[in-house]
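These are my notebook entries on a single chain. I set down what I looked up, topic by topic.

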Amino acid sequence: MSILSSHAGSWHSDKWYRRAWYIWPQTISLLLIGWLFVTAPQTQTPPKPQPPWAKPATPTTPPQPNRDTTTCFWDNSGDTLAACSRLIDSGRLKSAEVYFRRARLYFDNGNLDPAIADFSEVIRQRPNSADAFNERGGTYAKKGDYDRAIADYTEAIRLDPAWSSLLYSNRGSVYEKKGELDKALGDFREALNRGSTSPTASEDINRVEREIERSKEEIERSKEIERSKYVVNGLDGLRLGGRVSPQSNEYQKYQCTPSDQFEGVTWCNKQRLDEKESRGPYRSSYTNAHSREGTIYYLNRSQEPAFFNAGEVDTDIEHLSGKFGEQPRRLRPHVRLGPNTDGIIAIWGKVTLEPLDAAGISELVAGRSPRKGILVDFIGSPSESARRGLDVYRVSGGPGFVWSASFNSKGQGTMRFFAIDPSALLPIVSKDRTEAAPPTNYANPQNDCDRLAANPSDRGKPPSVPGVPYDSLMNQAKQAIEARALAAKQNPAELRYEYQMARAMEAQVPEKAVEIHKKLAGQKYPAAFDNLGWLMVKLYKNYGAAVTYFKTGSQLQDPDSMVSLVEMIDRGYVQTDRPSELKYQLLRTAADIGHQGAQLQIREEEEKLSAAQRQAAQDMRIMRDFLGVR
């Protein structure tokens, strides 16, 4: 029993022991055949008579297969390789054993290509030989052809799992040389788990673990250097790669929630509605996303309206290029953004922009988050761009900076810029999007509901609440629904919490949102009509119903509904004899109520009116007659 155990152990752990059993019995058989061939008695045939002029034949040395076989398999002399070649070239012996022996001799001499050719012949003759795949894999590895080496080791593992501890170790070494350290570590650990007796098995694991840690540190240092380049004014003194101070007064102004799109990231947003400059008032939005430890991966600022003097766009881009020490890559929209309206996106660093795929565009049009990471467009609203057929991009790559703007002939438009490291914003892949969210404790659920889901244009919210743009709401919809549930328990008669819940639900369960909005519409809650109208378009393509809802909302002085009616006029779904004047009056009324988008758009509409139309537009009876109000 001890002999059998010793044999089994040596068979699985010692490749030379395997080779001995693989080659020598057959070699002895070949030598015996050769000996019989030479020494057996031969029947002599009398020579044929030769004519007198015939020249005696030159005597030749008879073939000696036993000598070449012995030299090929048993000797290590300078004639060993030649002896193997004579056996093969003469056609006397072309078995897999001879090719295997010659391949090993070629390998030992450093002749790798002939060795690979002979190992390939062995595999052709014996396609289930794990030993041949292992040896050819080692030859490929020595040649530096790591992909083929890995493929051969993988096939050897498949053919002979019992011998796999050595094969996993061999493949792990190749992965390490190739720089794929995670795979190398996995193979070295598997080799140890399968009983590797190699004295270096544990050291292989420790060495690769140290290499991985060192590589991570080097990558992080490199990223830190890259991130630190993109520091600009207007981001509250924060910088990409820096850390937030949760106790600071500035951080306390942000409204922060766990991101439901990025793993381990906190998403923070704040808005300022009353900012001013010499050219006029504007609204700005600030966003930062940071790790649990506080490291900042994304810093964003958006402004609407933005103001640009002649040449100021190019000047701003050149200033940033000088600050960053590199030239930008510029993108222009594929289609016009609007009448006399242009746009530009400039990027620096390792950031790349990829056009959002058709599935992502469809999600945006339907009012849902495509969950494709950070998005950027020319007008500062990816969902609106998708609806209008404008370009939308997803941000990928490494640390960098993005600057985007749209502007009309008068230099008014939108602006957004952000520093970002997309490689640090890892998507949540394991979480079931339909599972119930874990309970969250809210100290003041009413304020939290307003903070997370209020519509900036909702006249039913408190004036002190800035509201959340729809694109930002999509990143915190789950938290908003939680907060609303608590707020409604404390104040069940407050309709705005119902509205905010419906608004948050539009991204995930739009049919349920329709049900709630219809209930609110029955109670004449103004903001619900605009949401309900767009849901009719997104879910059912029912533009007639949408226009009816928008008209009712406009009668109730909802500015979003007025702006949506203008879009329906542009699309041809509203019939009127005075479209230009009606659009102007709707926008004028929405702007007076405080709608930021209308305040920007009204200037574009004024440019298109003739003097007579401008005069006629002062008579608000056109809009009142259309809406049926007095």
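In these entries I take contact to mean heavy atoms within 4.5 Å. I also note at the start that this is a predicted model.

**Entry 1: the chain as a whole**

I looked up the secondary structure and found 27 helices and 9 strands in the chain. The chain has 630 residues, and buried residues make up 50% of them. I then checked the contacts between residues at least 6 apart in sequence, and 59% of these join residues at least 24 apart. For the surface, I recorded about 31,200 Å² exposed by the chain, with carbon and sulfur atoms supplying 51% of it.

**Entry 2: the nonpolar cores**

I asked which residues have the most contacts inside the largest nonpolar core. They are Met536, Leu565, Met568, Val574, Leu582 and Leu586, in a core of 44 residues. Several helices each supply at least two residues of this core, among them H19 (495-505), H20 (510-522), H22 (543-555) and H27 (621-627). Helix H21 gives the most to this core, with 8 residues.

I followed Leu565 further, leaving aside its neighbours within four places in sequence. Leu565 is in contact with Val547, Phe550, Lys551 and Ser554, and also with Val574, Leu586, Phe626 and Leu627.

I also recorded a second, separate core of 29 residues, which includes Phe100, Ala115, Ile123 and Ala130.

**Entry 3: Thr80 and helix H4**

I asked whether Thr80 is buried or exposed. Thr80 counts as buried because its relative accessibility is 2%, and the cut-off for buried is under 20%. Thr80 is found in helix H4, which covers residues 80-89. Not counting residues up to four places away in sequence, Thr80 touches Thr71, Cys72, Asp75, Arg101 and Leu105.

I listed the buried residues of H4 as Thr80, Ala83, Cys84, Ser85, Leu87 and Ile88. H4 packs with helix H5 (residues 96-108) at an angle of about 145°, and their axes are 10 Å apart. The crossing of these two helices, H4 and H5, is left-handed. On the H4 side I noted Thr80, Leu81, Cys84, Ser85, Leu87 and Ile88; these meet Val98, Tyr99, Arg101, Arg102, Leu105 and Tyr106 in H5. Just after H4, I found that Gly91 takes a positive phi of about 80°.

**Entry 4: helices H9 and H10**

I asked at what angle helix H9 (residues 164-178) and helix H10 (residues 181-193) pack. The angle is about 160°, with the axes 8 Å apart. H9 and H10 are therefore roughly antiparallel to each other, as angles over 145 degrees count as such. I recorded the crossing of H9 and H10 as left-handed. H9 contributes residues including Ser165, Tyr168, Arg171 and Tyr175 to the contact, and H10 contributes residues including Leu181, Ala184, Asp187 and Phe188.

**Entry 5: Asp342**

I placed Asp342 in strand S6, which covers residues 341-355. Asp342 is partly exposed, because its relative accessible area is 25%, and partly exposed lies between the limits of 20% and 50%. Leaving aside neighbours within four places in sequence, I found Asp342 in contact with Arg332, Pro333 and Leu337, and with Ala405, Ser406 and Phe407. I also looked up its C-alpha separation from Phe378: the two C-alpha atoms are 8.7 Å apart, and the residues are 36 apart along the chain.

Key:
Residues are numbered from 1 along each chain as its sequence is written. This is a predicted model: local features need pLDDT of at least 70, side-chain atom pairs count only at pLDDT 80 or more; totals for chains, interfaces and linings use all residues. Side-chain values use heavy atoms; hydrogens and water are left out. Helices (H or I, at least four residues) and strands (E, at least two) are DSSP runs, numbered from the N terminus. Buried means under 20% relative accessible area, exposed over 50%, partly exposed in between (1.4 Å probe, protein chains only). Accessible areas come from the Shrake-Rupley method with a 1.4 Å probe; for residues, only the protein chains shown count as cover. A nonpolar core is a set of buried Ala, Val, Leu, Ile, Met, Phe, Trp, Tyr and Cys residues joined through side-chain atoms within 4.5 Å. Axes are lines fitted to C-alpha atoms, for helices over the stretch in contact, and angles run from 0 to 180 degrees between N-to-C directions. Angles under 35 degrees count as roughly parallel, over 145 as roughly antiparallel, 65 to 115 as roughly perpendicular and the rest as oblique. A crossing is left-handed if the near helix is turned anticlockwise from the far one by less than a right angle, and right-handed if clockwise.
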